[in-house]
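Reader: Got a minute to walk me through this one? I'd like the overall picture, then a closer look at one piece.

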Amino acid sequence: MKFNTAAPIYQQVVADLKKKIVNGTIHPGDKLPSGRDLAVEYKINPNTSSRVYAQLEDEGITYTKRGIGTFVSDDENIVNLLKIEMATALLTYFKTNMHELGYSDDDIIDLIRREKSC
(Lines give C-alpha, C1' and ligand atoms only; values in the text may rest on other atoms or scores of the structure.)
Protein backbone atom coordinates (compact mmCIF):
# COMPACT_ATOMS: atom_id res chain seq x y z
CA MET A 1 0.00 0.00 0.00
CA LYS A 2 1.28 3.43 -0.92
CA PHE A 3 0.63 5.98 1.80
CA ASN A 4 -0.61 9.53 1.28
CA THR A 5 1.15 12.25 3.26
CA ALA A 6 -2.14 14.11 3.77
CA ALA A 7 -3.47 11.71 6.43
CA PRO A 8 -1.90 9.78 9.31
CA ILE A 9 -0.71 6.31 8.32
CA TYR A 10 -2.80 4.55 10.95
CA GLN A 11 -5.97 6.17 9.53
CA GLN A 12 -5.06 4.99 6.04
CA VAL A 13 -4.56 1.42 7.26
CA VAL A 14 -7.84 1.58 9.19
CA ALA A 15 -9.60 2.76 6.01
CA ASP A 16 -8.00 -0.04 3.98
CA LEU A 17 -9.07 -2.70 6.48
CA LYS A 18 -12.59 -1.26 6.58
CA LYS A 19 -12.74 -1.39 2.79
CA LYS A 20 -11.63 -5.04 2.85
CA ILE A 21 -14.35 -5.83 5.40
CA VAL A 22 -17.03 -4.06 3.37
CA ASN A 23 -16.05 -5.62 0.03
CA GLY A 24 -15.87 -9.12 1.54
CA THR A 25 -12.12 -9.69 1.32
CA ILE A 26 -12.22 -9.96 5.12
CA HIS A 27 -15.36 -11.60 6.53
CA PRO A 28 -17.26 -11.13 9.79
CA GLY A 29 -15.67 -13.37 12.42
CA ASP A 30 -12.32 -13.58 10.60
CA LYS A 31 -9.17 -13.43 12.68
CA LEU A 32 -6.96 -10.52 11.68
CA PRO A 33 -3.17 -10.79 11.48
CA SER A 34 -1.22 -10.26 14.67
CA GLY A 35 0.00 -6.73 15.30
CA ARG A 36 3.48 -7.70 14.16
CA ASP A 37 2.18 -9.40 11.02
CA LEU A 38 0.03 -6.37 10.21
CA ALA A 39 3.12 -4.18 10.64
CA VAL A 40 5.04 -6.36 8.21
CA GLU A 41 2.16 -6.53 5.72
CA TYR A 42 1.71 -2.76 5.59
CA LYS A 43 5.38 -1.92 6.23
CA ILE A 44 4.50 0.14 9.29
CA ASN A 45 5.80 0.42 12.83
CA PRO A 46 4.33 -2.17 15.26
CA ASN A 47 3.12 0.73 17.45
CA THR A 48 1.14 1.98 14.46
CA SER A 49 -0.49 -1.42 13.99
CA SER A 50 -1.48 -1.36 17.67
CA ARG A 51 -3.10 2.01 17.07
CA VAL A 52 -4.93 0.61 14.02
CA TYR A 53 -6.41 -2.22 16.06
CA ALA A 54 -7.30 0.12 18.93
CA GLN A 55 -9.19 2.38 16.51
CA LEU A 56 -11.09 -0.52 14.93
CA GLU A 57 -12.00 -1.86 18.37
CA ASP A 58 -13.11 1.58 19.58
CA GLU A 59 -15.46 1.75 16.59
CA GLY A 60 -16.89 -1.70 17.39
CA ILE A 61 -15.64 -3.21 14.14
CA THR A 62 -13.28 -5.65 15.82
CA TYR A 63 -12.81 -7.26 19.21
CA THR A 64 -9.84 -8.84 20.90
CA LYS A 65 -9.69 -12.20 22.65
CA ARG A 66 -6.76 -11.91 25.01
CA GLY A 67 -3.98 -14.29 24.01
CA ILE A 68 -5.84 -15.39 20.88
CA GLY A 69 -6.03 -12.36 18.60
CA THR A 70 -8.18 -9.69 17.02
CA PHE A 71 -11.35 -10.65 15.18
CA VAL A 72 -13.84 -8.87 12.93
CA SER A 73 -17.22 -8.46 14.61
CA ASP A 74 -19.76 -11.16 13.79
CA ASP A 75 -22.51 -8.54 13.82
CA GLU A 76 -23.68 -8.15 10.20
CA ASN A 77 -25.38 -4.86 11.16
CA ILE A 78 -21.99 -3.32 11.97
CA VAL A 79 -20.66 -4.29 8.54
CA ASN A 80 -23.81 -2.98 6.82
CA LEU A 81 -23.64 0.32 8.74
CA LEU A 82 -19.95 0.61 7.87
CA LYS A 83 -20.75 0.07 4.20
CA ILE A 84 -23.44 2.78 4.26
CA GLU A 85 -21.13 5.14 6.16
CA MET A 86 -18.32 4.68 3.64
CA ALA A 87 -20.64 5.04 0.64
CA THR A 88 -22.18 8.20 2.10
CA ALA A 89 -18.75 9.72 2.66
CA LEU A 90 -17.75 8.99 -0.94
CA LEU A 91 -20.98 10.43 -2.31
CA THR A 92 -20.66 13.55 -0.17
CA TYR A 93 -17.08 14.06 -1.35
CA PHE A 94 -18.10 13.55 -4.99
CA LYS A 95 -21.13 15.80 -4.74
CA THR A 96 -19.19 18.58 -2.99
CA ASN A 97 -16.50 18.53 -5.68
CA MET A 98 -19.06 18.50 -8.50
CA HIS A 99 -20.83 21.50 -6.93
CA GLU A 100 -17.47 23.29 -6.77
CA LEU A 101 -17.19 22.71 -10.52
CA GLY A 102 -20.57 24.40 -10.97
CA TYR A 103 -22.76 21.33 -11.44
CA SER A 104 -26.24 21.19 -9.91
CA ASP A 105 -27.69 18.00 -8.46
CA ASP A 106 -29.75 17.54 -11.65
CA ASP A 107 -26.61 18.03 -13.79
CA ILE A 108 -24.80 15.38 -11.74
CA ILE A 109 -27.68 12.92 -12.16
CA ASP A 110 -27.78 13.56 -15.92
CA LEU A 111 -24.02 12.97 -16.20
CA ILE A 112 -24.28 9.71 -14.29
CA ARG A 113 -27.19 8.54 -16.46
CA ARG A 114 -25.27 9.38 -19.63
CA GLU A 115 -22.13 7.62 -18.38
CA LYS A 116 -24.17 4.57 -17.39
CA SER A 117 -25.68 4.29 -20.88
CA CYS A 118 -22.26 4.40 -22.59
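**Fold and one helix**

Reader: What are we dealing with, and how's the numbering done?
Author: This is a predicted model, where local features need pLDDT of at least 70, side-chain atom pairs count only at pLDDT 80 or more, and totals for chains, interfaces and linings use all residues. Residues are numbered from 1 along each chain as its sequence is written, and side-chain values use heavy atoms, with hydrogens and water left out.

Reader: Ok, what secondary structure does the protein chain have?
Author: Five helices and two strands, in the order α-α-α-β-β-α-α along the sequence. Those are DSSP runs, helices being H or I with at least four residues and strands E with at least two, numbered from the N terminus.

Reader: And how much of the protein chain is buried?
Author: Buried residues are 25% of the 118. Buried means under 20% relative accessible area, exposed over 50%, and partly exposed in between (1.4 Å probe, protein chains only).

Reader: Switching topic: which residues are buried in helix 2?
Author: L38, A39 and Y42, in a helix that covers residues 35-42. Down the axis of helix 2, its buried residues fall within an arc of 100°, so they line one face of the helix. That arc is of the directions from the helix axis to the C-beta atoms.

Reader: What's on the face turned away from that buried side?
Author: Exposed residues R36 and V40.

Reader: And what comes right after helix 2?
Author: K43 follows helix 2, with a positive phi near 60°.
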